Amino acid sequence: MKYGILGKTGLEVSVVGLGGIPVQRTDKEGAAEIVRACMERGINFLDTARAYSVSEEFFGEVLKPYRDQWVIATKSMSRDYESMKADIEISLQNLQTDYIDLYQIHNIKTEEEFALCFGENGAYQALLEAKQEGKIRHIGATAHSIEAFARLIREYENEIETVMFPYNIVENQGEQLMAECGEKNIGFIAMKPIAGGNIDNTVLALKYILNNPDCSIVIPGMGNAEEVEQNTCEEVYQPLSEADKIECEKIAKELGNEFCRRCGYCEPCPKGINIPQNILLANYKKKYGLSDWAKVRYDAMEGKAEECIKCGVCETRCPYDLPIRSMLETVVKEMV
Ligand code: SF4
Ligand code: SF4
């Protein structure tokens, strides 16, 4: 494992960290297996979130005996003082610890959200207070849009110590801002390293990200020991070869810009449509030729694309501004 300093926090972290989403698919035993594998491979950074259901809770229990060997980061969607204050307490309780190394304002987007978060009775005040009380040690933020990323590091560079943003072979629009993070010593945490499951070659995906010196750490989601092993193999730390670069270009061309990262932020849909699953099944049919496999699952699924009433609510929530309504129309053409 390689280690680096996470910007202004001064924390020494493994360059590959543990993304805490997939643990939701397993149980406490599964969480213990993931943590064991991570420790064997030198991973010392966990990124979880209040929004990842059981993730804080599972990892809290498993990491308790090793608390001082881990850097724990979590995050909350709270925007105002009171709810952020409450969320910090819940995180501390779930994570079974009396301090959290990095607490992040999660997925900040609009101008109103920025005003609320950093205003007089905003979430930032609660974080600052918790920092003064020793409940959290550092403050960061996460964003999905390039505008929010720019704003965070240009208008709030004194408030935040880290920023988390998607970065991968097909989403490298943040590279210039990543360089600014480097200049300002703001720790950059790369999320969505395989573009929400769209890149199959995980090793190349991580290698691509770790070849950017402005990236402090990448946090692939890992749901079992094999994934931990794969994501920490020697190859991911190597320089990109010419052949790798050609392969990266090929992947970027194939995926294009309009793909669903399966983040689920567009939900809930008033008609109960499982938007990412609908798109995924149609993708699998198209990409892997799994017509029967996809059709069986589509037919059995609740909340089919054909039930969409085109209200557009989902599109206002998608951080990638995807044309969900027309994407669902394509799903219907493929699947019905
Ligand atoms: S446009 Fe369709 S998928 Fe989106 S929220 Fe409305 S009904 Fe649901
Ligand atoms: S449509 Fe947008 S918000 Fe919904 S899961 Fe896909 S990327 Fe996320």
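Q: What makes one residue pair across the interface of domain 1 and domain 2 a polar contact?
A: In this predicted model, the rule asks for N or O atoms within 3.5 Å, with one able to donate a hydrogen and the other to accept it. One residue pair between domain 1 and domain 2 passes, with both residues at pLDDT 80 or more.

Q: What makes the side of domain 1 that touches domain 2 count as four charged, two polar and one nonpolar?
A: It comes down to residue type: Asp, Glu, Lys and Arg go in as charged, and four residues on that side land in this class.

Q: How many salt bridges are there between domain 1 and domain 2?
A: Zero. A salt bridge needs a side-chain nitrogen of Lys or Arg within 4 Å of a carboxyl oxygen of Asp or Glu, and the count across this interface comes out at zero.

Q: How do you know that domain 1 and domain 2 touch, with their C-alpha centres 29 Å apart?
A: Contact is about heavy atoms within 4.5 Å, and by that test seven residues of domain 1 meet six of domain 2. The area buried between them is about 520 Å², with 37% from carbon and sulfur atoms. On the domain 1 side, Lys 109, His 144 and Asp 200 supply 59% of the buried area, more than any other three residues.

Q: What makes a residue part of the shell around ligand 2?
A: One of its heavy atoms has to lie within 4 Å. There are 13 such residues, and among the closest are Cys 260, Cys 263 and Cys 266. Ten of the shell are nonpolar, a class that takes in Cys.

Key:
Residues numbered from 1 in each chain as written. Chains lettered and ligands numbered in written order. Predicted model: local features only at pLDDT ≥ 70, side-chain atom pairs only at ≥ 80, totals over all residues. Heavy atoms only, no water. Buried area = accessible area lost by both parts, 1.4 Å probe. Polar contact = N/O pair within 3.5 Å; in protein donor to acceptor, adjacent residues only side chain to side chain.
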